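Dear colleague,

Please find the structure below, handed over for your own work. A summary of what was found in it follows directly after.

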Amino acid sequence: SLLDQAANGFKNWKAFSTEILKPAGGGISPKERTPYITFVLGGPGSGKGTQCARIVETFGFTHLSAGDLLRKEISSNSENGSTILNTIKEGKIVPSEVTVKLIKRAIESCENYKFLIDGFPRSEENRKTYERVIGTGPDVVLFFDCPEEEMVKRVLSRNEGRVDDNIDTVKERLKVFTTLNLPVINYYTGKGKLYKINAVGTEEEIFEQVLPVFASWR
Ligand SMILES: Nc1ncnc2c1ncn2[C@@H]1O[C@H](COP(=O)(O)OP(=O)(O)OP(=O)(O)O)[C@@H](O)[C@H]1O
Ligand SMILES: Nc1ccn([C@@H]2O[C@H](COP(=O)(O)O)[C@@H](O)[C@H]2O)c(=O)n1
Ligand SMILES: [Mg+2]
């Protein structure tokens, strides 16, 4: 029944929609709308976070960076903290169940319904776990396409004190990107959901390419 689906959390949220949750006034609050999910992909330093900040400012999306959620988990001394820290230091991928749980929690606790999920899915396993747990895929996928040389230059001059912004970890992150993330990009290309953005140029030039993807949200 619809009530069962609702109890099941947002696994079936696209299905139960707003029908059983209309407030007394008859209006639809943002939380009750069908979530609109954008996955934001690209290699390390390709500019995902930078462009997400602009999309948030211009179109009112909520930015959820998978990397930030994992880093918060480390600093909150959770039981998984030390495993996550070691995985990030090595430039490897944290188990999908952990990351998807954090994303799910962040979406559920947010009043907004428009989300940018940055740096996720990083692997086919990430993707399949999300689809199994959440029950649907994304509406749109952005891919910031950047040459390795440029990504390395940006990461090494980022200066935010990240434990993984060093040449050895960056090399591993690039390897992980090629072997695990490119198959995800190919998958969404096949689904007709992928928007490939040339990530070389000024921030403004890159954002000009992003704008048409969100034109209907103006
Ligand atoms: N178009 C650009 N040209 C030059 N530098 C840029 C550009 N866009 C972002 N940067 C800079 O490059 C660095 C990496 O950008 P950003 O943090 O947005 O990348 P990211 O894709 O989120 O990386 P990561 O996957 O490592 O989190 C930052 O210092 C940012 O200021
Ligand atoms: N889906 C993800 C996303 C990130 N990680 C780990 O976090 C590191 C930093 O991610 P950024 O997006 O902030 O660059 C990344 O290198 C991974 O170690 C992950 O495991 N799974
Ligand atoms: Mg980032």
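**Backbone features in the loops**

Asparagine 77 is exposed, with 8 other C-beta atoms within 10 Å. This residue is found in the loop between α4 and α5, and the phi of asparagine 77 is positive, about 55 degrees, although it is not a glycine. Please note that the model is a predicted one.

Asparagine 159 shows a positive phi as well, near 60 degrees, again in a residue other than glycine. Asparagine 159 lies in the loop between α8 and α9 and is exposed, with 7 other C-beta atoms within 10 Å. Most residues other than glycine have a negative phi, and most peptide bonds are trans. On the second point, a cis peptide bond joins phenylalanine 120 and proline 121, with omega at about -5 degrees. Proline 121 has its place in the loop between β3 (114-118) and α7.

**Confidence and overall make-up**

The average pLDDT of the chain is 91, and 88% of the residues score at least 70. Residues 1-23 have a pLDDT below 50; in the model this stretch has 24 contacts beyond near neighbours in sequence. Where pLDDT is low, the predicted coordinates should not be read in detail. The scores of the model are ipTM 0.99 and pTM 0.90.

The chain has 218 residues, of which 28% count as buried. Its secondary structure comes to 10 helices and five strands. Considering contacts between residues at least 6 apart in sequence, 75% join residues at least 24 apart.

**The two ligands**

Which residues are the closest to ligand 1? They are Gly47, Lys48, Gly49, Thr50 and Arg154, out of 17 residues that surround this ligand. The elements that give two or more residues to this shell are α3 (48-59), α8 (148-156) and α10 (203-210). Of the elements, α3 gives the most to the shell around ligand 1, with three residues. By class, the shell around ligand 1 divides into three nonpolar, 10 polar and four charged residues.

Ligand 2 is surrounded by 18 residues, and the closest are Ala66, Gly67, Val94, Gly119 and Arg122. Two elements, α4 (66-75) and α5 (81-90), give two or more residues to the shell around ligand 2. The largest share, three residues, comes from α4. The shell around ligand 2 has seven nonpolar, seven polar and four charged residues.

**The nonpolar core**

The largest nonpolar core holds 36 residues, and the members that touch the most others are Ile103, Leu116 and Ile117. Leaving aside residues up to four places away in sequence, isoleucine 117 touches Ile37, Thr38, Phe39, Val40, Leu64, Ala66 and Ile103. Ala66 thus appears twice in this account: isoleucine 117 touches it, and it is among the residues closest to ligand 2.

**Helix α7**

Which residues of helix α7 (residues 124-134) are buried? They are Asn126, Arg127, Tyr130 and Ile134. Seen down the axis of α7, these buried residues fall within an arc of 100 degrees, so they line one face of the helix. An α-helix has 3.6 residues a turn, so residues three or four places apart point the same way. What covers the buried residues of α7 includes α6 (96-108) and α9 (167-190).

Glutamate 131 also has its place in helix α7. Is glutamate 131 buried or partly exposed? Glutamate 131 is partly exposed, with 14 other C-beta atoms within 10 Å. Glutamate 131 and serine 29 are 102 residues apart in sequence and 25 Å apart in space, C-alpha to C-alpha. After α7 comes glycine 135, whose phi is positive, near 95 degrees.

**The end of the chain**

Tryptophan 217 has its place in the segment after α10. Tryptophan 217 is exposed, with 12 other C-beta atoms within 10 Å. Between tryptophan 217 and threonine 58 there are 9.2 Å in space, C-alpha to C-alpha, and the two are 159 residues apart in sequence.

With kind regards

Conventions: Residues numbered from 1 in each chain as written. Chains lettered and ligands numbered in written order. Predicted model: local features only at pLDDT ≥ 70, side-chain atom pairs only at ≥ 80, totals over all residues. Near = placed C-beta within 6 Å. Helix = DSSP H or I, 4+ residues; strand = E, 2+ residues; numbered from the N terminus. Nonpolar A, V, L, I, M, F, W, Y, C, P; charged D, E, K, R; others polar. Buried ≥ 20, exposed ≤ 12 C-beta atoms within 10 Å, placed from the backbone. Contact = placed C-beta atoms within 7 Å. Core = buried A, V, L, I, M, F, W, Y, C linked by C-beta atoms within 7 Å. Arc of directions from axis to C-beta. pLDDT = per-residue confidence, 0-100.
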